[in-house]
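Please find below my note on the model, set out as numbered points for your consideration.

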Amino acid sequence: MKQKIYVIIPAAGSGERLGADLPKQYLPLGGKPVLRHVLDKFADFETAVAISPDHQDLYEQAATGLEKARKITGGKSRKESIYNALQSFLKVNDNDLILIHDAARPFVRRDEIEAVIDQAQDSGAATLASPLAATLYDAATDETVDRTEKWAIQTPQVFRAGLIKEAHEKFKEDDSFTDDAGLVRALGHEVALVKSGRHNFKITTMQDYDMAKTLIQADKQTITTMGYDIHAFAEPKEDGGDHVTLGGIQIPHHKSLSGHSDADVILHALTDAILGAIGQGDIGTHFPPSDDQWKGADSAIFVKHALKLLEEAGGQLIHIDINLQCQAPKIAPHRETMIQNLSALTGLPPSSIGLKATTLEGLGALGREEGIAAYVNATIQL
Ligand code: CTP
Ligand code: MG
């Protein structure tokens, strides 16, 4: 019969050595909790997550939408948490595999997870490990320790279920073990080493957390997109207008702009710039001009929708630069209000919003005050 694979994530620690306000597995890393990075990598497996009863809400937030992860109550030590998780798998056969991975190791790679599972399928027990790179000094003997054959043991560790259960039962009262490979070796069973690298470090101290944030950031791609929109002033006979809406604010003017919704060219161009980052078409794809419900609508709705889609795709808006082509009305007196409003709408600080307006020196249609246009460049991190 094919071996099934079950996953245990010990996540019931309090992160004392790191000393943050939150336990380290719930700290944010690149827009999601550390634990979520780990859970996402094992989303296809039936997973027991050992958590502290004090962290229920934090866990529920971190694990939203994951169908195969279920929480169980952790213990006083990592070993006890894993013992409890082992008891919670009711249908496990001795020949199935149990994979154990620390909640605080978010950088494990999928190919490494596969490699350690493959190895355990052959030999019954395997762990990821990284060959020691540092020069190791033993202060007790005043000697440099020969580092050949020295390994830093990591997780995932994968074992035949019968084996790991036997080891945990046998050494239930022994608190000297710091990992499960140690328990299995104490039973007399060899644990194969599968070579990994130092990237799979466990976040233990604040320095580790800072390093993790730097690594996540380096992985991100920054792109610049653009959006453009133009609206014409309404025909004088149909126009009782007394303002134009630009950047979400109303600016007094003797003519108004006609077109989709409130005809805010800045917010429309901004919406398109955001949608452009995630291959989500343009504003008309989401809010067809033919649909009457958008007539006169506040264009902030469109920007908020685009930002929500961006967030769902794991992206973040970090800067916008707006060029407004506008012969009249004068923009300068309204610039600050407009920037404040754009800041509230996008969550960007005012210093990350560029807003320039140019007249057209009377040239062309825009120069003849037939309409207003806006270019928006958006810088986005994915
Ligand atoms: N762990 C657990 N149950 C415990 C203690 C630890 O499930 N009673 C988990 C941690 O949440 C972590 C992993 O075991 O994912 C490795 O432990 P460690 O790095 O020591 O985490 P903490 O115990 O949280 O940190 P500290 O020792 O600094 O308090
Ligand atoms: Mg600990």
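The points that follow take up the basis of the model, its domains, its rings, one surface patch and one contact.

1. This is a predicted model, in which local features need pLDDT of at least 70 and side-chain atom pairs count only at pLDDT 80 or more, while totals for chains, interfaces and linings use all residues. Residues are numbered from 1 along each chain as its sequence is written, chains are lettered from A and ligands numbered from 1 in the order in which they are written, and side-chain values use heavy atoms, with hydrogens and water left out.

2. The chain is divided into domain 1 (5-217) and domain 2 (222-381), with bounds that come from an automatic or database domain assignment. The C-alpha centres of the two domains lie 49 Å apart.

3. The structure holds eight aromatic pairs, where rings of Phe, Tyr and Trp (its six-membered ring) pair if their centres lie within 6.5 Å, and where planes under 30 degrees apart count as stacked, over 60 as edge-to-face and the rest as tilted. One of them joins Phe171 and Phe177 in a tilted arrangement, with 5.1 Å from centre to centre and 50 degrees between the planes. Phe171 counts as buried because its relative accessibility is 14%, the classes being buried under 20% relative accessible area, exposed over 50% and partly exposed in between (1.4 Å probe, protein chains only).

4. The pair of Trp294 and Phe302 is edge-to-face, because the ring centres are 5.8 Å apart and the planes stand at 80 degrees. Both Trp294 and Phe302 are buried, and ring pairs link these two residues with Phe287 into a cluster.

5. Lys172 lies over the face of Tyr83, at 4.6 Å from the ring centre; the criterion is that NZ of Lys or CZ of Arg is within 6 Å of the ring centre and within 35 degrees of the ring normal.

6. Met226, Tyr228, Ile230 and Tyr375 make a nonpolar surface patch of about 370 Å². Strand E12 (residues 222-232) gives the largest share of this patch, three residues, strands being DSSP runs of at least two residues, numbered from the N terminus. Met226 lies in strand E12 and counts as partly exposed, because its relative accessibility is 48%.

7. Pro131 has its place in strand E7 (residues 125-131) and is partly exposed, with a relative accessible area of 31%. Pro131 and Lys195 are 64 residues apart in sequence, and their C-alpha atoms are 7.3 Å apart in space.

Technical notes
Patches are made of residues with over 30% relative accessible area and no salt bridge: like charges are joined within 9 Å, nonpolar side chains (Val, Leu, Ile, Met, Phe, Trp, Tyr) within 5 Å. Accessible areas come from the Shrake-Rupley method with a 1.4 Å probe; for residues, only the protein chains shown count as cover. A salt bridge is a side-chain nitrogen of Lys or Arg within 4 Å of a carboxyl oxygen of Asp or Glu. Helices (H or I, at least four residues) and strands (E, at least two) are DSSP runs, numbered from the N terminus.
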